[in-house]
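Reader: Hi! Could you walk me through this fold?
Author: Happy to, let's put it up.

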Amino acid sequence: MLEEYQVIVRERVLQQDMYYKNHVIMRYTIKYPQFISERYQIIAIKLNSLYRTKALMYERSNIMNLYQMAMVEYEYSVANNYPIYQFEAYVDYTMTYNQNCILSLYFDQYEYAGGAHGLTVRYSDTWNLQRSKRVELAELFPHRMHYREYAIKMVDKQIGNQMQAGNGMYFNNYEELVRENFRPNNFYLSKEGVNIYFQQYDIAPYAAGIPVFLIPYGPGGAVLPRC
């Protein structure tokens, strides 16, 4: 049995209030991880470069686009005596698995550009540090040739149980939407199993948030990738 090993994770932040005509019209916070590992030093350095580059690219492209929109919105609101809304962008990450040679995490990217509410987009990565490669969903179901169909079936079953118990908040045609919006990259690992998620509005109304479905580890189900 492998000894339990964890990579050290430090948080890095890009943050700024953005002014226009002496008013803060937008603020942003971008958080991303920095990994420290003597055992997996080379891949840790590569991942640090990857996530820092992604954060800087988001800052230079998405943030600037939102800032341009915020300036236009400010001028329009002032000209028409409307309330001035402050735009916002907030990116945060959550480490969901950090043990032995496996790292898994997801990012939530929230943007508010006026209106009733903002929108959050989630994306995720799972890494096998020993093999210096990204883990694919298919690898977590080695005994199932049709892993995609199995995952969709498990999601449908959980939604059906929630609806029957009166706890579900999904669109009526959720089975069709689950199949249509299922993305093999939209998963992350936890100690309990594989977590499949869908974006806001994919299968449920905004109030439902980001739906997540756990497929536990076990015989015939999901398995942790080997180091």
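Reader: Nice. So how many strands form the open sheet that has mixed pairing, and in what order?
Author: Six strands, in the order β1-β2-β3-β4-β5-β6. Before we go on, this is a predicted model: local features need pLDDT of at least 70, side-chain atom pairs count only at pLDDT 80 or more, and totals for chains, interfaces and linings use all residues. Residues are numbered from 1 along each chain as its sequence is written, and side-chain values use heavy atoms, with hydrogens and water left out.

Reader: Got it. What counts as a strand or a pair here?
Author: Helices (H or I, at least four residues) and strands (E, at least two) are DSSP runs, numbered from the N terminus. Two strands pair if DSSP finds at least two bridges between them.

Reader: And which strands stand at the edges of that mixed sheet?
Author: β1 (8–20) and β6 (133–134). Each has a single partner strand, so one side of each is left without a neighbour in the sheet.

Reader: How many bridges join β1 to β2?
Author: There are 13, and β1 runs antiparallel to β2 (residues 23–36). Across that pairing, Arg12 stands opposite Tyr32, while Asp17 has Arg27 as its bridge partner. The two strands form a hairpin with two residues between them, and Lys21 in the turn has a positive phi of about 55°.

Reader: Which residue of β3 does Arg27 stand opposite?
Author: Glu88. β2 and β3 run parallel there, joined by five bridges.

Reader: Switching to helices: how do the axes of α1 and α2 cross?
Author: At roughly 20°, with the axes of α1 (residues 41–60) and α2 (residues 62–79) coming within 3 Å. That makes α1 roughly parallel to α2 (angles under 35 degrees count as roughly parallel, over 145 as roughly antiparallel, 65 to 115 as roughly perpendicular and the rest as oblique). Axes are lines fitted to C-alpha atoms, for helices over the stretch in contact, and angles run from 0 to 180 degrees between N-to-C directions.

Reader: Who makes the contact between them?
Author: Met57, Tyr58, Glu59 and Arg60 of α1 meet Asn62, Ile63 and Met64 of α2, where contact means heavy atoms within 4.5 Å.

Reader: Where do these helices lie on the sheet?
Author: α1 lies across β1, β2, β3 (87–99), β4 (102–112) and β5 (119–128), at about 170° to β2. α2 lies across β1, β2, β3 and β4, at about 165° to β2.

Reader: New topic: which cysteines does the disulfide join?
Author: Cys101 and Cys227, with S to S at 2.1 Å (a disulfide is a pair of cysteine sulfur atoms within 2.5 Å). The structure holds one disulfide, and this link is left-handed, with -100° about the S-S bond. Cys101 lies in the loop between β3 and β4 and Cys227 in the segment after β9 (212–216), so the pair ties together parts that are 126 residues apart in sequence.

Reader: Is Cys101 buried or exposed?
Author: Cys101 is buried, at 0% relative accessibility, whereas Cys227 is partly exposed at 39%. Buried means under 20% relative accessible area, exposed over 50%, partly exposed in between (1.4 Å probe, protein chains only).

Reader: What's the order in the open sheet of three strands?
Author: β7-β8-β9, with antiparallel pairing. The twist averages 25° from one strand to the next. β8 (residues 193–197) and β9 pair over five bridges, and Val194 stands opposite Ile215 in β9.

Reader: Which helix packs on that one?
Author: α3 (residues 147–165), touching β8 and β9, with its direction at about 115° to that of β9.
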